[in-house]
Structures are given as structure tokens and as C-alpha cells.
Amino acid sequence: MQSRTVSELLSEKITPIEVDIKGWVRTFRANRFIALNDGSTLNNIQCVVDFEKFDDALLKRITTGAAIHIKGELVESQGKGQSVEIQVNAFEILGDSDPETYPIQPKKHSFEFLRENAHLRTRTNTFSAVMRLRSALSFAIHKYFNDHGFYYMHAPIITGSDAEGAGEMFKVSSLDAKNPPLDDQGEVDYTQDFFGKETNLTVSGQLEAETYAMSLGKVYTFGPTFRAENSNTSRHLAEFWMIEPEVAFMDLNGNMDLAEDFMKYVIGYILENNREDLDFLDQRLSDEEKTKPQAERSPMGLIEKLNFVTQNNFKRVSYTEAIDILRRCKPNKKKKFKYIIDEWGADLQSEHERFLVEKHFKCPVILFDYPANIKAFYMRLNEDGKTVRAMDILFPGIGEIVGGAQREERLDILKEKMAAIDIPEEELWWYLDLRKYGTAVHSGFGLGFERLVMFATGMSNIRDVIPFPRTPQNAEF
Ligand code: 4AD
Ligand code: MG
């Protein structure tokens, strides 16, 4: 007989039937009831053991965490809490688990503790729910783009360019770190390195995606990106996944429409298809909120928040309007912000973004037309000569979740902007070629996947929505 999943058995309409199932023991109660989980669903299936039929030594090996193979009969449940259960006829312990040392005891563990045991944390309800949702969101993203005529493009992981111009890159080198070859000036001679030049892990696939947009029309990347910024916050990772669509002949307004429609679709997808896990996380979050002081509690539950995003328009606000609001707002006047906003041109910090979204507009916000000098070189300069066609999407509880722009398609202006910040033309000759041969208006954006998963699951630390987080001083597993 073929093994079936817990998920299949729990929705089985026909009983009694012979079944065969494998999974891990969550608990074994009263020497009689096994709660069995196999990852196919949040729920366990109850397996009832008649202890008189089995050897004591064998029963003792049914411990939390053990892998077990059960054969029995699926019957209507006698007890409360489940519609069906398995009457165990035979079982085999596939892998023992030592109850003295097994870290995932059937009790509440702190997220910090579970991070140290990230290899086992998906054996808990919270992390299995989060990771099933992460998987569903990935699928929804591919589905959205596929349904809308986009091609999936694989941008390189190793590159010679710094797409964001921020210099926060991890070097890739096969030179001997202790004894690298030196040039006449005494500098490391990268011409002798593996690629014959300096290379790094990519911070964004955008520049390469632009080359494909300018031939295939509508493309997107979905891959890992790396940033060596030393920001030890609950929203930054050194290795994170980014989704970057790029579309030819689309301007900034089209870009905002695409981003909003896309975000609503992927969130709507999990509301429709992953209700069990979302209901569980909704309850978890509401329990957690109850432990906070009233003033700090979120006014909305998880599912309410997700529905709100799918049902309401994102508010579109220019940077200049946002600065006016921030300058005049209470926390700014009362110096409650860590960074006081007094002049146009200031970069927005996460405290300002969250004020706009959570306190002022109380809905997702798209900020656009930022000052040129706080944004990347590739963004299209506006007629005013001081702002660029940038957009950031800000979400409640998260702050910036998407960053994008209409790209500078005019060769002369792009060259001027690169010169101003010392990006050598030789380094990006191929990027400039796009402006030489059939240039056109085009736009795109980057969605931080883990920030989306945080929003969708209500988890407050980005380390808890990626399997094995990479952060400063931490690359375990
Ligand atoms: O705003 P960013 O830096 O934009 C770009 O990289 C553009 N090239 C995107 C594009 O237009 N194609 O990053 C995009 C998003 C951010 O809005 C944020 O959600 C996420 O990536 N992000 C991070 N997520 C986790 N950890 C980090 N260190 C992140 N840095 C950016
Ligand atoms: Mg950004």
C-alpha cells in the first residue's frame, strides 16, 4: 500500500479504510494517543494505539520527534477535536528520538531559541506554517508573471558591477587572502584573480534584467541577492531574495499600477489557498498582541490586514508632499523622531515611513519623485532637474517593501549621472549600449521577498521568515 499524507487522510470522506502513513511524533499521550505530523498540513492526525497489543519496549520508543511508520484503519473519531483517527494495527519506528535531548519539546519555545535550532524549527506549528506560506507566495509570484506574459530571467549571482552604487558588496575571489599578487602600486592585482577582474555577489539583478526587457519586453528575476551592509535590524538580511520585474515601454505610472496589482494578487492568492496556516498565524499574532500595552497593539488582525491590502487602493504621494506632512507632524515638532525632518532633500528613515503608513494615511503608500541625490544613478531625471522618477512602496509594520523606478533612457544624461559619482563608462559599457541602440522608456521594481513574507505571516523578525538567515556575525547551518 502506498503511504498517504496527513492532509489527504484528514479530508478523507470514506471510512473505515486501511491506511499506511509515515511522519514524526509530535506527542504521545497516555501511552495511547500519537499526534502525528508529516508537514503536509498544520494539523496532526491522531493515531490510537492499543497498548495491550504491543511490546512495552517498542511503545517506549514512541517519543516526541521520532519518525514512525504506521499501518492501521482510518475510522471516524470517537473523541473531540478531529473527525477521523487511525486505529493502529502495526507500527515501525523508522528513527528514534532521544526525549532527553530533543530540542523541540511539546511546549512554547522562544523564537530566539528556535533560531539557534533553525534545522529543527520547521517541526513547530509556527515555522511550518510560515514556510508553507513562503512556498505558496513564491508560486503565486511565478503564476502572476506567467499569466501576464512575463519571462522568467536568471540574472547572474557573480557580477563585476555594483547595481545600486552603494558599495555594500561581498567580494568573490579565489586569490590567496594571505598572499595575494600585487601590482606596481602595491595594490591587489585582480587581473590575476579567477575572473581577471574584481567581482562580487550581486546586490540586484536589475541592470541585467534591463537588457532582457529591451529585447523580450516583459521579464522578471527572482533570485538571491547579497548586501554587506552592517545593519543588524529586524528587517535586514545579508542574503535575501528579490523579485525584479522590468518592462519595456512602461513609465512610472504603469510601474505603480503593475506593482499594486501584483502585490494584491499574491496576497489574495494565499488568502484563497492557504487559509488554515493563515488562521493559525492570525491567532498566534493576536495572542502575542495581547501581551503588549494597549497603545502598542496593532489595530488590525493578520487576516484583516491582508484583506485590507487587497481591497483598498494604495495611496500615491510625492516625496515633496510627504516631506510637508512629516515636517508639520507632531512627532517631528516634539522631537520624538530620532532623525528630525527639517529640509526638503532629507532621506526618509524607517520611523518616517512607518509614521506615514501607520499613523497618517493608515494604508499602503507609494511615494514617488524622490530627490535625485538620495537615489540610485539609473533613475530617470525629471524636468525639474532635481527629482527622479523613483517609487517606494511602504507597508504597515514593515516600512519599505518595494523600491523601483522609471529608468534613465537618455544616453547623455545617464553618462553625466555616472560621471558625477565616478562610475567608469568602461564598467557599464553594455548598460550604456541599451541607450545607444533602440533606447526606450522602461521601468521596473524590486520586491524584497522576505519583507513580503513578514507582512503575509505577521512575523516581526526577518530572521524568522527565511530558512537559514545570514546576518552580521551569523552564518550557521
Ligand atoms: O530598494 P532596493 O535597494 O532596490 C533595488 O535593488 C532595485 N535594483 C530594485 C529594482 O528597481 N529592480 O531593494 C529592493 C527591495 C527593498 O524595497 C526591500 O524590500 C528589499 O529589496 N531589501 C532588503 N530585504 C532584506 N534585507 C536587506 N538587506 C534588503 N535590502 C533591500
Ligand atoms: Mg530602496
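User: What volume does the largest pocket have?
Analyst: About 1200 Å³, and keep in mind this is a predicted model. On a 1 Å grid over the protein atoms alone, a pocket is an open set of points where a 1.4 Å probe fits, with protein on both sides within 12 Å along at least five of seven lines. The volume is the space filled by probe spheres set on the points, which are joined across faces, edges and corners.

User: Which residues are closest to its centre?
Analyst: Glu164, Arg227, Lys375, Asp392 and Glu400, out of 47 that line the largest pocket. Lining residues have an atom within 4 Å of a point.

User: Which elements give two or more residues to that lining?
Analyst: Those are β11 (239-248), α11 (350-361), β14 (387-395), β15 (399-406), β16 (442-448) and α14 (449-457). Helices (H or I, at least four residues) and strands (E, at least two) are DSSP runs, numbered from the N terminus.

User: And the lining by class?
Analyst: It has 18 nonpolar, twelve polar and 17 charged residues. Ala, Val, Leu, Ile, Met, Phe, Trp, Tyr, Cys and Pro count as nonpolar, Asp, Glu, Lys and Arg as charged, and the others, Gly among them, as polar.

User: New topic, the sheet. What is the strand order in the open sheet of eight strands?
Analyst: The order is β6-β10-β11-β16-β15-β14-β13-β12, with mixed pairing. At the edges sit β6 (151-152) and β12 (315-318), each pairing on one side only. Two strands pair if DSSP finds at least two bridges between them.

User: How many bridges do β11 and β16 share?
Analyst: Five, in the antiparallel sense. For Val247, the bridge partner in β16 is Ser443.

User: Why is α14 largely enclosed?
Analyst: Because nine of its nine residues are buried, meaning under 20% relative accessible area with a 1.4 Å probe, protein chains only. Among them are Phe449, Arg451, Met454 and Thr457. After α14 comes Gly458, with a positive phi near 75°.

User: What about the protein overall: how many helices and strands?
Analyst: There are 14 helices and 16 strands. Of the 477 residues, 49% count as buried. The C-alpha atoms fill a box of roughly 85 × 55 × 45 Å along the principal axes.

User: Which conventions should I know?
Analyst: Residues are numbered from 1 along each chain as its sequence is written, while chains are lettered from A and ligands numbered from 1 in the order written. Local features need pLDDT of at least 70, side-chain atom pairs count only at pLDDT 80 or more, totals for chains, interfaces and linings use all residues, and side-chain values use heavy atoms, leaving out hydrogens and water.

Notes. Buried < 20%, exposed > 50% of the residue type's maximum accessible area, 1.4 Å probe, protein only.
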